[in-house]
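Here's a quick tour of some side-chain and backbone geometry. Have a look at the model first, then dig into the notes underneath.

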Amino acid sequence: MTTPAPDAQVVFVGYNAAYLRAIDGSVPSGSVVVIEEPDIIRKRELQDAAGRFDCLDRIVPASYQQSTEALDLAAELTAVRPVAAVVPGLEYAVPATAALAEKLGLPGATEQAAQALRDKVRLREVSGAAGVRNPRWREVFGPADILDFAGDGPVVVKPANRQASVGVQLLDSVDADTAAQAWERTSSAAEYEQVPDRELAWRFLAEERLEGPEFSVEALVRQGEIIFQNVTAKTVIPGPYPVELGHLLPAPLDEDTQGAFGTAMRALVAATGYQTGILHAEWILTESGPTLVECAGRCPGDYLIDLNDLAYGTRIRLTLIDLLAGRPVTLPQSAQRTSAIRFLAAEPGTVTEVTGVDAARELPGIRVVEVDVAPGDEVRPWASSWDRAGHVIATGPDAETTRRRVLAADAAVHITTD
């Protein structure tokens with residue numbers, strides 16, 4: 001694995017502290033530039049962020065969410081130093097990243113693929129036309145469309161171009177009242193720190209609610225060819241909001257099912273015209289085979305990159321930079337161990353006490369125990385990934401051992417609320 005030359009820079013579109021923390025010390029000092037929305041710089045207090053990481057040279061304010069303003073920076077960026085790679089730091093940065101890479105003549109997703117990955121309506125259209133298995137779906141513009149699509153059966157209602165399960169709802173049955181409530185909750189979903197203050201355009205869709213276990217596939221792609229792939233088994237909470245509760249990887253699957261996911265991923269790459277970068281595709285394994293839920297063209301959240309690195313002995317964030325710089329990479333084809341994460345939950349209310357953290361850290365195979373709340377903080381009911389209270393990560397020699405270990409650590413941590 002190589003690193004950026006001292007005289008070259010890596011441009012991230014969107015500020016991602018976890019990514020910068022992971023590569024800090026492994027890339028040259030001051031070799032990273034981040035483009036971020038002015039409103040987000042203000043809301044997340046990123047004015048002094050360059051002092052937090054040795055690798056980070058500066059943050060450049062520019063609009064990129066549903067905007068082409070970041071493209072105007074191409075000449076300014078290359079006038080300072082050559083740009084080695086353009087990396088998507090966040091979900092909402094995927095189209096701007098692809099467009100900027102194309103303008104600079106660098107490897108990337110391609111604008112066409114990036115636009116499909118950022119809009120589930122477009123993704124349904126292009127993937128379905130290419131034969132990728134999709135649920136029955138329809139773009140919706142109000143409660144009447146939801147009711148008309150669903151009939152009285154179960155349905156999923158969600159934004160087509162948001163992130164982190166924001167606004168996604170599972171409805172067991174639909175009448176006029178539930179359709180109106182679902183539309184209100186979905187269309188009014190908000191992410192204060194993740195989006196700029198200007199008005200953005202959101203789209204919405206209703207989908208057939210599929211039955212079957214959920215999986216995700218993390219893949220690295222070079223010039224349209226998958227060069228690394230992992231299948232993750234997912235656990236989501238019951239109820240109307242399908243927020244992920246945990247992940248286990250590699251998923252314990254038989255050879256035929258593994259092959260089915262490989263076939264589905266190759267078809268998805270071809271359907272979107274995706275060229276180079278990373279994909280995180282979510283699937284439900286139905287009786288007919290893997291059926292597409294959605295797909296992102298950036299590093300997945302939920303610590304999935306860390307879980308892959310623990311299982312395979314990789315450093316995927318650095319590898320992605322190399323891929324997007326057009327440098328050769330070497331990747332393992334099998335895992336060394338299994339890894340798992342479980343997200344911490346608590347009853348909604350004000351936190352009064354957190355116990356068991358040290359005990360959890362001492363359990364076999366536990367790699368991380370992190371609690372994101374403290375006494376006095378408010379715990380909300382889970383409606384999106386932002387509502388979780390922390391996480392534990394474990395590794396082990398096989399899936400069942402790792403599952404037991406991560407559940408034991410989860411049980412050891414107690415978050416008490418009033």
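The notes below go through ring pairs, a lysine and its surroundings, one helix and a run of strands.

This is a predicted model, so a heads-up on the rules: local features need pLDDT of at least 70, side-chain atom pairs count only at pLDDT 80 or more, and totals for chains, interfaces and linings use all residues. Residues are numbered from 1 along each chain as its sequence is written, and side-chain values use heavy atoms, with hydrogens and water left out.

**Aromatic pairs**

- There are 5 aromatic pairs in the structure; to count, ring centres of Phe, Tyr or Trp (its six-membered ring) must lie within 6.5 Å, with planes under 30 degrees apart called stacked, over 60 edge-to-face and the rest tilted.
- Phe12 and Tyr19 make an edge-to-face pair, because their planes sit at 75° with the ring centres 4.8 Å apart.
- Phe12 and Tyr19 are both buried, meaning under 20% relative accessible area, while exposed is over 50% and partly exposed is in between (1.4 Å probe, protein chains only).
- Tyr92 and Trp202 also pair up, this time tilted, with 6.0 Å between centres and 55° between planes.
- That second pair ties together distant parts of the chain, 110 residues apart: Tyr92 is in the loop between β4 (83-88) and α4 (94-104), and Trp202 is in the loop between α8 (176-187) and β8 (204-208).
- Helices (H or I, at least four residues) and strands (E, at least two) are DSSP runs, numbered from the N terminus.
- Tyr92 is buried at 7% relative accessible area, whereas Trp202 is partly exposed at 22%.

**Charges over rings, and Lys43**

- The charged end of Lys43 sits over the Tyr192 ring, 4.4 Å from its centre; the test is NZ of Lys or CZ of Arg within 6 Å of the ring centre and within 35 degrees of the ring normal.
- Arg388 does likewise over the face of Phe343, at 3.7 Å from the ring centre.
- Lys43 belongs to helix α2 (residues 38-43) and is buried, with a relative accessible area of 10%.
- The side chains of Lys43 and Asp197 share a polar contact of 2.9 Å; that term covers N or O atoms within 3.5 Å where, within protein, one can donate a hydrogen and the other accept it, and residues adjacent in sequence count only if both atoms are side-chain atoms.
- A polar atom of the Lys43 side chain also lies 2.8 Å from the backbone oxygen of Val195.

**Helix α6**

- Which residues of helix α6 (residues 120-129) are buried? They are Lys120, Val121, Leu123, Arg124 and Ser127.
- These residues are on the same side of α6, because they cover an arc of only 160° around the axis, taken from the directions from the helix axis to the C-beta atoms.
- Asp119 caps the N-terminal end of α6, with a side-chain oxygen 2.9 Å from the backbone nitrogen of Val121.
- After α6 comes Gly131, with a positive phi near 95°.

**Strands β9 to β11**

- β9 (residues 214-222) and β10 (residues 225-236) pair antiparallel over 9 bridges; pairing takes at least two DSSP bridges between the strands.
- Val221 has Ile226 of β10 as its bridge partner.
- β9 and β10 form a hairpin with 2 residues between them, and Gln223 in the turn has a positive phi of about 50°.
- β10 also pairs antiparallel with β11 (residues 244-249), over 4 bridges, and Lys234 has His247 of β11 as its bridge partner.
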